[in-house]
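This briefing concerns selected side chains and their surroundings in one protein structure. Please consult the sequence and the model while reading.

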Amino acid sequence: MIKIIDTDAYFAKFAPEYIKTHMKGLSPKQIEERIDELYKAFGEEKIEEFGGKSIKDYYMSHAADELVNALKEHLKKDVEPSSYLCEAIAAKQGGEEELVKMLSDGDDEAVLYAMNLLNDKNYTGALDTYLNFILSDYTEAVTELATEILSKNADKVSAAVLEALPEAPEDKKANLAEILSFAENADKIYEALVAEFLSHPGEIPFYSNLLSRYGDDRAIEVLTEKIESPQINYGDFQELRCAIEALGGEYNKKRDFTSDKVYQAVQKEKEERAKRFE
């Protein structure tokens with residue numbers, strides 16, 4: 001059975017001696033700048049309790065399923081898992097089945113570890129589960145990670161996301177739209193992104209950026225129609241113009257924003273900056 005290793009405790013013993021020998025005379029800031037070197041050396045330090053192996057080699061000497069079970073035990077006993085344990089799980093073949101179990105058996109912390117490790121192993125067999133996480137009442141951290149992973153696999157899940165979008169909770173529609181913005185061009189996806197843009201007039205910067213990323217230049221007409229609105233504020237105007245230009249269009253009409261608070265603040269900052277360089 002793999003030992004439960006409190007890496008912080010071992011590191012607290014190792015670091016002072018290493019610094020004394022290899023970083024003598026350095027300031028705390030200089031030591032901080034070389035923290036990667038320090039932690040690398042720690043990972044290669046031979047430790048008697050691990051049969052004379054380094055922590056890194058100790059973990060790598062075990063099978064993937066054993067490592068995942070060790071990860072579960074660390075979390076159960078509230079001991080922070082070492083990055084070397086996670087690196088070993090990611091590097092080893094296998095372990096996916098046990099990690100998938102963590103998606104349903106563990107708490108949010110366990111779920112996040114499992115998701116990250118499955119992603120590191122390029123495992124795509126749990127994408128439907130991640131979509132369910134977004135649509136359910138998981139923490140923001142889980143929702144954001146699920147969105148990030150699904151965005152990387154947008155073409156694999158675009159059909160399911162399109163199906164879920166109309167009935168999705170309002171606060172999750174942005175996540176689903178973001179995923180779709182990474183998918184290959186298709187009329188249904190374009191239409192869905194335009195519909196979300198038009199139905200969220202208070203979130204113009206976010207949704208105009210999605211249309212820009214998606215890259216369908218048909219959106220220029222939609223964005224131009226929105227930017228022409230007399231009610232548009234300066235901040236939204238700037239975001240819309242950037243999106244139009246990113247899609248290959250342009251908007252050069254002069255607009256008067258002198259009464260807009262954001263515009264006033266921007267101009268004031270410009271004036272103050274100019275004075276500093278006089």
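The points below cover aromatic rings, charged groups and one buried aliphatic residue.

The model is a predicted one. A search of the whole structure finds 16 aromatic pairs. One of them joins Phe206 and Tyr207 in an edge-to-face arrangement, with ring centres 4.9 Å apart and 90 degrees between the planes.

**Aromatic pairs and cluster**

- In the Phe206–Tyr207 pair, Phe206 is partly exposed because its relative accessibility is 29%.
- Its partner Tyr207 has a relative accessible area of 2% and is therefore buried, since the cut-off for burial is under 20%.
- A further edge-to-face pair consists of Tyr234 and Phe257, at 5.4 Å centre to centre and with 65 degrees between the planes.
- Tyr234 belongs to helix H16 (residues 234-246), whereas Phe257 lies in the loop between H16 and helix H17 (261-276), so this pair ties together parts that are 23 residues apart in sequence.
- Both Tyr234 and Phe257 are buried.
- Elsewhere, one aromatic cluster is formed by Phe11, Phe14, Tyr18, Tyr39, Phe42 and Tyr84.

**Charged ends over rings**

- Arg218 places its charged end over the ring of Tyr190, 4.2 Å from the ring centre.
- The charged end of Lys13 likewise sits over a ring, that of Tyr10, at 6.0 Å from the centre.

**Glu196, a buried acidic residue**

- Glu196 is part of helix H13, which spans residues 187-198.
- Although buried, Glu196 has no salt bridge.
- The nearest side chain of opposite charge is that of Lys173, 4.5 Å away; a salt bridge is not assigned because the cut-off is 4 Å.
- Apart from neighbours within four places in sequence, Glu196 is in contact with Leu165, Lys173, Ala177 and Tyr207.
- Tyr207 thus appears both among the contacts of Glu196 and in the edge-to-face pair with Phe206.

**Ile204, a buried aliphatic residue**

- Ile204 is found in helix H14, which covers residues 204-214.
- Ile204 counts as buried because its relative accessibility is 3%.
- Not counting residues up to four places away in sequence, Ile204 touches Phe197, Lys226, Ile232, Asp236 and Leu240.
- Lys226, one of these contacts, lies 22 residues from Ile204 along the chain, and the C-alpha atoms of the two are separated by 9.3 Å.

How values were computed:
Residues numbered from 1 in each chain as written. Predicted model: local features only at pLDDT ≥ 70, side-chain atom pairs only at ≥ 80, totals over all residues. Heavy atoms only, no water. Helix = DSSP H or I, 4+ residues; strand = E, 2+ residues; numbered from the N terminus. Buried < 20%, exposed > 50% of the residue type's maximum accessible area, 1.4 Å probe, protein only. Contact = heavy atoms within 4.5 Å. Phe/Tyr/Trp six-rings, centres within 6.5 Å; stacked < 30°, edge-to-face > 60°. Lys NZ or Arg CZ within 6 Å of the ring centre and 35° of its normal. Lys, Arg positive; Asp, Glu negative; His and termini not counted.
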